[in-house]
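I opened the model to look up its fold, core, cysteines, a pocket and some loop residues. My notes are in the order of the lookups.

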Amino acid sequence: MTSQNIMYKLYADIIPVKGHSRSILFDMTKNRYWYIPNELYGILDQAIDFKDLQIVYPDDTGILEEYKNFLQENDLIFEVEPDEIHAFPSIDMKWHSPGMITNMIIDVDSETSFASLSKINGEIGKLGIEAILFRCFSETTLQELKNYIVYLNHDPSNRLRDIQLEISIPEKSNSDSIIPYLKDITMLPIVSTVTIYTLHKKLLTAPAEDIKIQVLEKSVTGPKNCGTIRGNIDSVNLEIISESMNHNSCLNCKLSIDSSGNIKNCPSMARSFGNIAEITLAESLSHKDFKQYWNVTKNDIDGCKDCEFRYVCTDCRAYTERTHTNPEGLDLSKPLKCGYNPYTGEWEEWSTNPLKQKAIQYYEMEKYI
């Protein structure tokens with residue numbers, strides 16, 4: 001390879017995403033990422049010829065050298081001959097699932113009928129559901145919920161691979177012994193995590209002694225606490241990024257059941273597509289509007305389309321700023337509970353933003369913030 005012919009190309013598993021104020025490079029194989037200036041994003045095309053760039057931009061040779069060193073030191077680029085570029089195709093970023101539904105959220109409180117909930121058991125396998133998140137807002141239903149999770153764990157007809165449990169415990173609860181009680185649940189192989197939200201002092205100071213259990217100091221009283229967009233990036237992989245590029249990162253292939261048995265896209269959303277006591281999940285799925293948000297990506301949403309986090313961020317259509325809709329009437333507003341400003345690159349407390357107050361009042365969310 002002669003020096004005058006050396007060009008460079010990003011590895012196929014490195015995904016650059018441009019935001020308004022900065023960009024990000026995502027490494028989908030090694031689960032890592034780097035913030036980069038938009039100027040660097042601008043040269044990450046099919047192939048990079050640093051010598052040619054230095055001729056075109058003679059005043060920026062030092063910066064170009066820094067870019068090259070950064071990309072090489074982090075193993076983001078490799079050398080390639082100009083006539084060999086076609087031999088290194090990009091990764092196919094299409095997303096596909098063999099199941100009609102990949103995941104569910106099921107909310108449970110003191111009013112939940114487990115007799116009605118048991119009616120969906122046969123459909124969990126037929127729909128290809130692989131993961132269920134149970135959100136429990138009443139400690140009085142924990143025993144029934146525990147029995148139901150044990151049943152699902154042993155049911156050979158479903159395809160479940162993961163069950164997660166979120167439990168809300170009031171500050172003045174007498175259930176300070178709840179962590180030992182939950183060990184029977186965490187022993188089930190299908191259960192991956194149990195998260196307890198509470199302000200209960202004993203629960204917060206008691207050692208969990210179980211890697212599946214985490215106790216977080218937070219008051220969660222119902223579905224209106226859902227939808228907060230956080231600044232941490234937990235996972236960077238092909239599954240997450242490809243789905244977000246092509247579909248809605250929260251609602252795609254999701255089905256939810258609220259604590260009253262209503263079938264919804266998300267328990268926090270107002271619209272219901274029937275109740276499990278009266279209709280099957282498949283019948284709800286056949287409704288013409290059930291999948292209306294599945295293909296709404298972050299590239300469609302006001303503000304989010306200019307954000308560098310858009311392919312690793314969970315969207316929320318339940319609570320939005322209520323500022324933009326498309327001709328079909330779909331809400332394309334920015335999530336209400338996001339405090340990131342892609343135009344300044346800064347995070348702020350979303351609940352104190354003056355521009356969000358009308359939406360907060362509309363959702364009657366004052367007591368939840």
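The entries below go from the whole chain to single residues.

**Entry 1, ground rules.** I am working with a predicted model, in which local features need pLDDT of at least 70, side-chain atom pairs count only at pLDDT 80 or more, and totals for chains, interfaces and linings use all residues. Residues are numbered from 1 along each chain as its sequence is written, and side-chain values use heavy atoms, with hydrogens and water left out.

**Entry 2, whole chain.** I counted secondary structure first and got 11 helices and 14 strands. Helices (H or I, at least four residues) and strands (E, at least two) are DSSP runs, numbered from the N terminus. Along the principal axes, the C-alpha atoms fill a box of roughly 75 × 50 × 50 Å. The chain has 369 residues, and 50% of them are buried. Buried means under 20% relative accessible area, exposed over 50%, and partly exposed in between, with a 1.4 Å probe and protein chains only. I then took the contacts with a separation of 6 or more: 65% of them join residues 24 or more positions apart. A contact here is heavy atoms within 4.5 Å.

**Entry 3, core.** Which residues have the most contacts inside the largest nonpolar core? I found Met104, Ile120, Ile132, Phe134, Ile167, Ile178 and Leu255, in a core of 65 residues. Helix H6 (residues 142-154) gives the most to this core, with 5 residues. The term covers buried Ala, Val, Leu, Ile, Met, Phe, Trp, Tyr and Cys residues joined through side-chain atoms within 4.5 Å. I listed the neighbours of Leu255, leaving out residues up to four places away in sequence: Ile101, Asn103, Met104, Ile105, Ile263, Lys264, Leu281, Leu285 and Phe290.

**Entry 4, cysteines.** How many disulfides does the structure hold? The count is 0, with a disulfide taken as a pair of cysteine sulfur atoms within 2.5 Å. I checked why Cys226 has no bond: its closest cysteine sulfur, in Cys266, is 5.0 Å away, which is too far. Cys226 is partly exposed, at 25% relative accessibility. Cys338 is likewise unbonded because its closest cysteine sulfur, in Cys313, is 6.0 Å away. Cys338 is buried, with a relative accessible area of 10%.

**Entry 5, second largest pocket.** I read off a volume of about 390 Å³. There are 16 lining residues, and the closest to the pocket centre are Met269, Ala270, Arg317, Ala318 and Tyr363. By class, the lining has 8 nonpolar, 3 polar and 5 charged residues. For the record, the search uses a 1 Å grid over the protein atoms alone; a pocket is an open set of points where a 1.4 Å probe fits, with protein on both sides within 12 Å along at least five of seven lines, and lining residues have an atom within 4 Å of a point. The volume is the space filled by probe spheres set on the points, which are joined across faces, edges and corners. In the classes, Ala, Val, Leu, Ile, Met, Phe, Trp, Tyr, Cys and Pro count as nonpolar, Asp, Glu, Lys and Arg as charged, and the others, Gly among them, as polar.

**Entry 6, positive phi.** Most residues other than glycine have a negative phi. Asp75 has a positive phi of about 55 degrees. Asp75 sits in the loop between helix H3 (61-73) and strand E5 (77-80), and is partly exposed at 37% relative accessible area. Glu364 also has a positive phi, near 50 degrees. Glu364 lies in the segment after helix H11 (357-362). Is Glu364 buried or exposed? Glu364 is exposed, with a relative accessible area of 54%.

**Entry 7, loop residues and distances.** I looked at His20, in the loop between strand E2 (14-18) and strand E3 (23-27). His20 and Thr344 are 324 residues apart along the chain, with their C-alpha atoms separated by 8.2 Å. Beyond four places in sequence, His20 is in contact with Asn38, Asp306, Pro342 and Tyr343. His20 is partly exposed, with a relative accessible area of 48%.

Phe88 lies in the loop between E5 and strand E6 (103-108). Phe88 and Ala12 are 76 residues apart in sequence and 7.8 Å apart, C-alpha to C-alpha. Leaving aside neighbours within four places, Phe88 is in contact with Lys9, Phe78 and Val80.
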